There are 2 protein chains.
Amino acid sequence: MASKEKKDARDGNSAKTTRRETILRLIASERIATQNELSRRLEEEGFPVTQATISRDIRELRLVKTAGNGGYYYEVGKPSEKYHAPHKFYSLYQAMVRTVDYAQNLVVIHSDTGMAQAVCAAMDSMDWPGVLGTIAGDDTVLVVTRDEGCAAELVQSLREIQAGR
Amino acid sequence: MASKEKKDARDGNSAKTTRRETILRLIASERIATQNELSRRLEEEGFPVTQATISRDIRELRLVKTAGNGGYYYEVGKPSEKYHAPHKFYSLYQAMVRTVDYAQNLVVIHSDTGMAQAVCAAMDSMDWPGVLGTIAGDDTVLVVTRDEGCAAELVQSLREIQAGR
DNA sequence: GCTATTCCGGTATAATTATACATTTTCTCC
DNA sequence: GGAGAAAATGTATAATTATACCGGAATAGC
């Protein structure tokens with residue numbers, strides 16, 4: 001089996017993870033109507049997988065097929081239900097967040113791929129002081145605070161949560 | 001045909017409309033996993049229709065089937081539609097934007113959930129002076145301006161629009 | 001009232017998706 | 001490194017969903 005190039009797989013950068021990142025990118029930029037269509041595109045991107053695997057990916061990424069302009073296509077589902085229980089945020093946060101940092105009045109949170117929306121929604125529900133707003137991509141949440149002091153405080157709080165209190 | 005009780009149909013309160021209202025109520029309160037299941041529940045509610053009709057209802061109501069806790073079920077989808085007509089910006093903006101604020105050289109716009117992309121696209125199409133770029137999440141648009149002065153001007157303009165001019 | 005037109009919805013079926021099962025790959029613990 | 005466990009994925013197929021086609025009811029125009 002010397003031909004297999006599965007050299008990653010260490011830090012969470014498995015084939016599955018990168019494939020799912022690709023899926024998210026594809027459905028964000030193209031109108032993908034069926035899983036077979038997605039399968040074809042994925043193969044072009046270097047991920048030869050069957051429809052069955054894609055069905056499982058779609059379930060776990062919480063993607064949805066919705067009726068848009070002239071036909072159905074896939075897109076990311078609603079980020080999450082609103083969490084209003086602070087203790088839920090902590091476990092969510094600990095499970096998904098990888099790194100936290102800030103520069104000036106911006107806090108950047110890196111999460112597991114596809115989880116940023118959920119982290120973002122949880123953050124929003126906490127109504128943190130000094131936070132003007134949050135934006136989530138696939139694996140990054142950007143938090144805009146009023147000033148650098150607020151950012152520093154927020155980062156400290158988040159790191160305490162991350163460390164398990 | 002005196003046996004037919006189609007007494008509504010006047011003001012938009014057709015059988016179809018009330019059936020769809022019922023569908024929305026059902027999926028909001030129960031975990032409906034398949035269209036056949038929904039068909040059964042609808043029949044109990046007094047709407048004997050086939051799966052085909054439900055499929056059409058689901059398409060037009062923009063419902064989605066998503067993977068939740070232990071299985072798939074239906075729920076309402078995101079309302080997002082992309083408008084690209086600049087002159088529509090004002091009404092779009094007034095309809096969707098909730099708050100506007102800025103810190104340093106960043107303007108943060110909060111919109112209705114799922115509308116940030118549309119607001120962002122509309123913003124882009126306006127080619128505002130001093131705006132370096134925009135990023136949209138689900139309910140937040142971040143606008144990066146050249147400096148704080150530009151941000152302040154932009155916020156003032158946006159608030160005037162918000163106030164109806 | 002009569003005809004044309006549009007809308008609605010059923011039937012049957014094609015298209016699509018989910019999954020049981022088997023196989024391979026990866027991980028874990030010695 | 002090897003045995004066993006767990007995760008991942010393909011195969012084949014069952015389950016589910018979308019739609020072409022058609023008929024009947026409502027609506028509009030005359």
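This briefing describes the protein chains A and B, the DNA strands C and D, and the contacts between them.

The structure is a predicted model. DNA strand C is surrounded by 21 residues, and DNA strand D is surrounded by 21 residues. Chain B and chain A bury about 2,200 Å² between them. Over all chains, a search of the whole structure finds 16 salt bridges.

**Chain A**

- Chain A contains 6 helices and 6 strands.
- Read from the N terminus, the elements of chain A follow the order α-α-α-β-β-α-β-β-α-β-β-α.
- Chain A has 165 residues, of which 40% count as buried.
- Taking the contacts in chain A between residues at least 6 apart in sequence, 53% join residues at least 24 apart.

**DNA strand C**

- The closest residues to DNA strand C are Gln35(A), Ser55(A), Lys65(A), Tyr74(A) and Thr53(B).
- Three elements each supply at least two residues of the surface near this strand: α3 (51-61) of chain A, and α1 (15-29) and α3 (51-61) of chain B.
- The element that gives the most to the surface near DNA strand C is α3(A), with 5 residues.
- By type, the residues of this surface are 8 nonpolar, 6 polar and 7 charged.
- Of the atoms of DNA strand C within 4 Å of the protein, 63% are part of sugar or phosphate, and the rest are part of bases.
- In chain A, a polar side-chain atom of Arg59(A) is 3.0 Å from a phosphate oxygen of DNA strand C.
- In chain B, an N or O atom in the side chain of Thr50(B) lies 2.9 Å from a phosphate oxygen of this strand.
- For the side chain of Thr53(B), the distance from an N or O atom to a phosphate oxygen of DNA strand C is 2.4 Å.

**DNA strand D**

- The closest residues to DNA strand D are Lys16(A), Thr53(A), Gln35(B), Lys65(B) and Tyr74(B).
- On the surface near DNA strand D, α1 (15-29) and α3 of chain A and α3 of chain B each supply at least two residues.
- The largest share of that surface comes from α3(B), with 5 residues.
- The surface near DNA strand D is made up of 8 nonpolar, 6 polar and 7 charged residues.
- Sugar or phosphate accounts for 62% of the atoms of DNA strand D within 4 Å of the protein, and bases account for the rest.
- A base nitrogen of DNA strand D lies 2.9 Å from a polar side-chain atom of Arg56(A).
- An N or O atom in the side chain of Gln51(B) is 2.9 Å from a base nitrogen of DNA strand D.
- The side chain of Ser55(B) has an N or O atom 2.7 Å from a phosphate oxygen of DNA strand D.

**Where chain B meets chain A**

- At this interface, 30 residues of chain B are in contact with 31 residues of chain A.
- The size of an interface is often given as the accessible area lost when the parts come together.
- Of the area of about 2,200 Å² buried between chain B and chain A, 55% is on carbon and sulfur atoms.
- The rule finds 0 salt bridges across this interface, and it finds 3 residue pairs in polar contact there.
- Several elements of chain B each supply at least two residues of the side that touches chain A, among them α3, β1 (63-68) and β2 (71-76).
- The element that gives the most to this side of chain B is β1(B), with 6 residues.
- The residues on this side of chain B divide into 13 nonpolar, 8 polar and 9 charged.

**Salt bridges**

- Side chains of opposite charge can pair when their charged atoms come close.
- Arg20(A) and Asp57(A) form a salt bridge, with the closest N and O atoms 2.6 Å apart.
- This pair links distant parts of the chain, since Arg20(A) is in helix α1 of chain A and Asp57(A) is in helix α3 of chain A, 37 residues apart.
- Arg20(A) counts as buried because its relative accessibility is 12%, under the 20% cut-off.
- Asp57(A) has a relative accessibility of 1% and so counts as buried.
- Arg19(A), Arg20(A), Asp57(A), Arg59(A) and Glu60(A) are linked in a network of salt bridges.
- Glu30(A) forms a salt bridge with Arg41(A), and their closest N and O atoms are 2.7 Å apart.
- Glu30(A) is in the loop between α1 and α2 (35-44) of chain A and Arg41(A) is in helix α2 of chain A, so the pair ties together parts that are 11 residues apart in sequence.
- Glu30(A) counts as partly exposed at 25% relative accessibility, whereas Arg41(A) counts as buried at 17%.
- In chain B, the side chains of Glu60(B) and Arg59(B) meet in a salt bridge at 3.6 Å, N to O.

Key: Residues are numbered from 1 along each chain as its sequence is written. Chains are lettered from A and ligands numbered from 1 in the order in which they are written. This is a predicted model: local features need pLDDT of at least 70, side-chain atom pairs count only at pLDDT 80 or more; totals for chains, interfaces and linings use all residues. Side-chain values use heavy atoms; hydrogens and water are left out. A residue is near a molecule or strand if one of its heavy atoms lies within 4 Å of it. A polar contact is a pair of N or O atoms within 3.5 Å; within protein, one must be able to donate a hydrogen and the other to accept it, and residues adjacent in sequence count only if both atoms are side-chain atoms. Helices (H or I, at least four residues) and strands (E, at least two) are DSSP runs, numbered from the N terminus. Ala, Val, Leu, Ile, Met, Phe, Trp, Tyr, Cys and Pro count as nonpolar, Asp, Glu, Lys and Arg as charged, and the others, Gly among them, as polar. Contact means heavy atoms within 4.5 Å. Buried area is the accessible area (1.4 Å probe) that two parts lose on being put together, summed over both. A salt bridge is a side-chain nitrogen of Lys or Arg within 4 Å of a carboxyl oxygen of Asp or Glu. Buried means under 20% relative accessible area, exposed over 50%, partly exposed in between (1.4 Å probe, protein chains only).
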